[in-house]
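Okay, thanks for coming, everyone. I'll put the structure up on the screen and then talk through the parts I'd like you to look at.

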Amino acid sequence: MFIGPLKPRVLIIGHSFVRRILPHNLQCIFPSFWDVFTVGISGAKVQNVRDIIKDYIDLYLPDYVYLQIGGNDINGRNSCMFLFDLLECIYYIKSLGPFILFVGGIFPRSLPRNMDAETYNKCKSFVNRQLHFYLEPHGQIHFCTSRKFKISHLCNDGVHLSRAGQVKWLKEIFHCIKNH
């Protein structure tokens, strides 16, 4: 837990879940003595975030980085190849600084693009299990599971978080960071 005269600095970066964060929800969840910065890109894939994250780390100098990516990369291609790309991106991001890195689990979808929900959610579960396995012993990279999230936490589009889902997700992020 952060203790000191400076505000803990948190960078939350990723796909549209991050872009769609309502400022009010963020202010209600994170204490005012925290500096929280968000960078969200609609439709972001692993490579999109990898290409830009160094600039934002240099700009914000975070103590903690929370990464939420992966769901847009599941498209029916080989799960092992996607997992390799994702892990390579995670280790690259960690190499950029002394911050503690948190990786959010990939969420379920009821209406994924370009594939059926059952196939998407099986791939999501496989990748999340592997991320937990590879990141658990690391120490400076923490995997934050999305197991408690249900389809009911999604909007009608079947992809994005509902307002209640967003609040639940932000609380999970806060507790993940606070209790690491």
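Let's start in the strands: Ile12 stands opposite Tyr66 in S3. One caveat before I go on, which is that this is a predicted model.

That Ile12–Tyr66 position belongs to the pairing of S1 with S3, which is parallel and runs over five bridges. On the S2 side, S1 is joined by six bridges, again with the strands running parallel. If you want a spot to click on there, take Val10, whose bridge partner in S2 is Val36.

So how buried is S1? Five of its six residues are buried, so S1 is largely enclosed by the rest of the structure.

Now zoom out to the sheet. It's an open sheet of five strands, paired in parallel, and the order reads S2-S1-S3-S4-S5. Which strands sit at the edges? Those are S2, residues 35-40, and S5, residues 141-144, each of which pairs on one side only. Going from one strand to the next, the twist averages 20°.

Over at the S5 edge, S4, which covers residues 100-104, pairs with S5 in the parallel sense through four bridges. Gly104 is the residue standing opposite Cys144 in S5 there.

Next, the helices on the sheet. H6, residues 163-178, lies across S1, S3, S4 and S5, and runs at about 140° to S3. H5 lies across S4 and S5, at about 150° to S5.

Stay on H5 for a second, because I want to show you something on the surface. H5 spans residues 117-135, and Phe133 sits in it. Is Phe133 buried or exposed? Its relative accessibility is 57%, and the cut-off for exposed is over 50%, so Phe133 counts as exposed. Together with Tyr91 and Tyr134, Phe133 makes a nonpolar surface patch of about 330 Å².

Right, charges. As a reminder, side chains of opposite charge can pair when their charged atoms come close. How many salt bridges does the structure hold? Five, and I'll go through some of them.

Back to S1 for one of these: Arg9 forms a salt bridge with Asp35, with the closest N and O atoms 3.7 Å apart. That pair links distant parts of the chain, since Arg9 is in S1 and Asp35 is in S2, 26 residues apart. Arg9 itself comes out at 25% relative accessibility, so it counts as partly exposed.

Another one goes between helices. Arg50 and Glu88 meet in a salt bridge at 2.9 Å, N to O. This pair also links distant parts of the chain: Arg50 is in H3, residues 46-60, and Glu88 is in H4, residues 79-94, 38 residues apart. Both ends are partly exposed, with Arg50 at 22% relative accessibility and Glu88 at 33%.

And then there's one inside H3. Asp58 forms a salt bridge with Lys54, and the closest N and O atoms are 2.9 Å apart. The two are four residues apart in H3, about one turn of the helix. Asp58 is partly exposed at 45% relative accessibility, and Lys54 is partly exposed at 39%. Elsewhere, salt bridges that share partners join Lys7, Arg9 and Asp35 into one network.

That's my tour. Questions?

Technical notes
Residues are numbered from 1 along each chain as its sequence is written. This is a predicted model: local features need pLDDT of at least 70, side-chain atom pairs count only at pLDDT 80 or more; totals for chains, interfaces and linings use all residues. Side-chain values use heavy atoms; hydrogens and water are left out. Patches are made of residues with over 30% relative accessible area and no salt bridge: like charges are joined within 9 Å, nonpolar side chains (Val, Leu, Ile, Met, Phe, Trp, Tyr) within 5 Å. Accessible areas come from the Shrake-Rupley method with a 1.4 Å probe; for residues, only the protein chains shown count as cover. A salt bridge is a side-chain nitrogen of Lys or Arg within 4 Å of a carboxyl oxygen of Asp or Glu. Buried means under 20% relative accessible area, exposed over 50%, partly exposed in between (1.4 Å probe, protein chains only). Two strands pair if DSSP finds at least two bridges between them. Axes are lines fitted to C-alpha atoms, for helices over the stretch in contact, and angles run from 0 to 180 degrees between N-to-C directions. Contact means heavy atoms within 4.5 Å.
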